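User: I would like to learn how to read several features of a structure, one at a time. Please give the general idea first and then the case at hand.

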Amino acid sequence: MRLVESLDDYYEIIRKEKAERGRLKTNDYMFPDAVKRYINLKRLWIEKLECGLVFLSDEERFFQGYYYIDDVNKFEIDRHEKPILIQNIYKSDRKKDHICQMDISLEKSGFKKEGVLRHAILENPNNVLEKLLPAEKISRRIMEKEGFKMMKVHRNLMPELLAFRDAIKEIPFYQQPFFSADELVFDSEKGLLTCVIDAKGSIQAARHLIMQGNKSYGWIGVAERYKGVYGLASMLMVDQLKLICQKGILMCSWVEQNNTASLQYHERLGTKWTGTIMDEWILYGQS
């Protein structure tokens with residue numbers, strides 16, 4: 001396993017593999033800017049396999065794997081010091097044969113299927129914003145009266161923000177990609193990252209809108225003791241929707257297909273299911 005040194009290095013690795021093996025199966029849909037980001041952070045690795053290769057992005061608590069292989073039946077990768085996440089994306093009505101076979105190979109290689117997620121797009125964020133605004137104004141007055149404040153996440157709060165995010169039980173660790181402190185500060189300045197602090201200055205709620213091309217994903221979290229109190233989640237959603245409507249951002253979600261409450265919540269918002277599915281497979285690390 002070695003670090004990928006440059007964008008040219010990345011493309012040359014793929015070119016050589018294709019020249020040697022012909023047409024390859026892959027789950028790598030990263031934009032060039034995303035690849036370049038990992039390279040600049042020195043967090044993109046390449047590992048050779050019997051059937052091809054896999055790029056591993058270091059997400060701090062896990063690796064995410066992007067494979068280029070010629071024979072899915074021979075896919076096998078050794079365990080590392082961190083868990084490895086493999087995501088396969090397909091249309092619900094036509095899961096291709098090689099992905100079905102890849103499921104078998106991943107299981108044989110020791111991977112555990114942790115989730116099946118449905119992809120969604122919020123069709124009319126302006127409508128949702130209008131519906132939430134009246135209640136949000138009331139919640140904001142109550143929140144401010146109790147000493148709470150919505151604000152940008154300043155650099156000195158970043159360690160607390162990450163600890164807060166990691167403690168959100170609804171977000172498994174392998175759905176928490178790595179961001180450097182500088183990246184988080186940059187997102188906060190752009191309005192993509194916001195928190196709610198209490199009278200003592202501690203984070204009790206937060207949200208992060210993560211951009212991928214023209215699409216956005218992200219999370220909203222509220223401390224357990226304040227769930228259903230003051231409407232913190234709704235206020236963060238309104239804050240996010242204002243930005244989305246202003247900038248014309250496409251708001252997307254991946255929702256666990258067995259999480260009925262979450263599915264119903266997204267449908268109430270006006271979510272449209274795109275018919276795209278993502279399987280999440282984890283190879284847990286060396287014990």
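User: Which elements each supply at least two residues of the lining of the second largest pocket?

Analyst: The general approach is to assign each lining residue to its helix or strand. In this predicted model, the elements that each contribute at least two lining residues are β2 (25-26), β6 and α3 (97-108). Strand β6 gives the most, with four residues.

User: How many residues line the second largest pocket, and which lie nearest its centre?

Analyst: The lining comprises 15 residues, and T26, Y29, K96, H98 and I99 are those nearest the centre. By character, the lining divides into six nonpolar, four polar and five charged residues. The space in this pocket amounts to about 270 Å³.

User: How should one read a salt bridge, and how many does a search of the whole structure find?

Analyst: The criterion is a side-chain nitrogen of Lys or Arg within 4 Å of a carboxyl oxygen of Asp or Glu. The search finds 22 salt bridges. One of them joins K48 to E17, with the closest N and O atoms 2.7 Å apart. This pair links distant parts of the chain, since K48 belongs to strand β3 (residues 44-49) and E17 to helix α1 (residues 7-21), 31 residues apart.

User: Is E17 buried or exposed?

Analyst: The cut-off for buried is under 20% relative accessible area. E17 has a relative accessibility of 3%, so E17 counts as buried.

User: With which residue does D70 form a salt bridge?

Analyst: The partner of D70 is R21, and their closest N and O atoms are 3.1 Å apart. Because D70 is in the loop between β5 (63-69) and β6 (84-91) while R21 is in helix α1, the pair ties together parts 49 residues apart in sequence. Both ends are partly exposed: D70 has a relative accessible area of 31%, and R21 one of 23%.

User: Which salt bridge partner does D279 have, and how does one judge its setting?

Analyst: One gives the distance, then the elements, then the accessibility of each end. D279 pairs with K113, the closest N and O atoms being 3.7 Å apart. D279 is in strand β13 (residues 271-283) and K113 in strand β7 (residues 112-122), so that the link covers distant parts of the chain, 166 residues apart. D279 is buried at a relative accessible area of 0%, whereas K113 is partly exposed at 36%.

User: Which residues are joined into one network by salt bridges that share partners?

Analyst: The network consists of E17, R21, K48 and D70.

User: In which sense do β7 and β13 pair, parallel or antiparallel?

Analyst: In general, the side chains of a regular strand alternate between the two faces of the sheet. Strands β7 and β13 pair in the antiparallel sense over nine bridges, and K112 stands opposite I282 in β13. Strand β7 also pairs in the antiparallel sense with strand β12 (residues 250-256), over five bridges. There, W254 in β12 is the bridge partner of H119.

User: How does one check the span of helix α7?

Analyst: One compares the expected span with the distance between the end C-alpha atoms. Helix α7 (residues 232-247) has 16 residues and, at 1.5 Å a residue, should span 22 Å; the end C-alpha atoms are 23 Å apart, which agrees. The buried residues of α7 are L232, M235, L236, M237, V238, Q240, L241, L243 and I244. Just after α7, G248 adopts a positive phi of about 70 degrees.

Conventions
Residues numbered from 1 in each chain as written. Predicted model: local features only at pLDDT ≥ 70, side-chain atom pairs only at ≥ 80, totals over all residues. Heavy atoms only, no water. Expected span 1.5 Å × (residues − 1). Buried < 20%, exposed > 50% of the residue type's maximum accessible area, 1.4 Å probe, protein only. 1 Å grid on protein atoms, 1.4 Å probe; cavity = no way out; pocket = protein on both sides within 12 Å on 5 of 7 lines; lining within 4 Å. Points joined across faces, edges and corners; volume = space filled by probe spheres on them. Nonpolar A, V, L, I, M, F, W, Y, C, P; charged D, E, K, R; others polar. Pairing = 2+ DSSP bridges.
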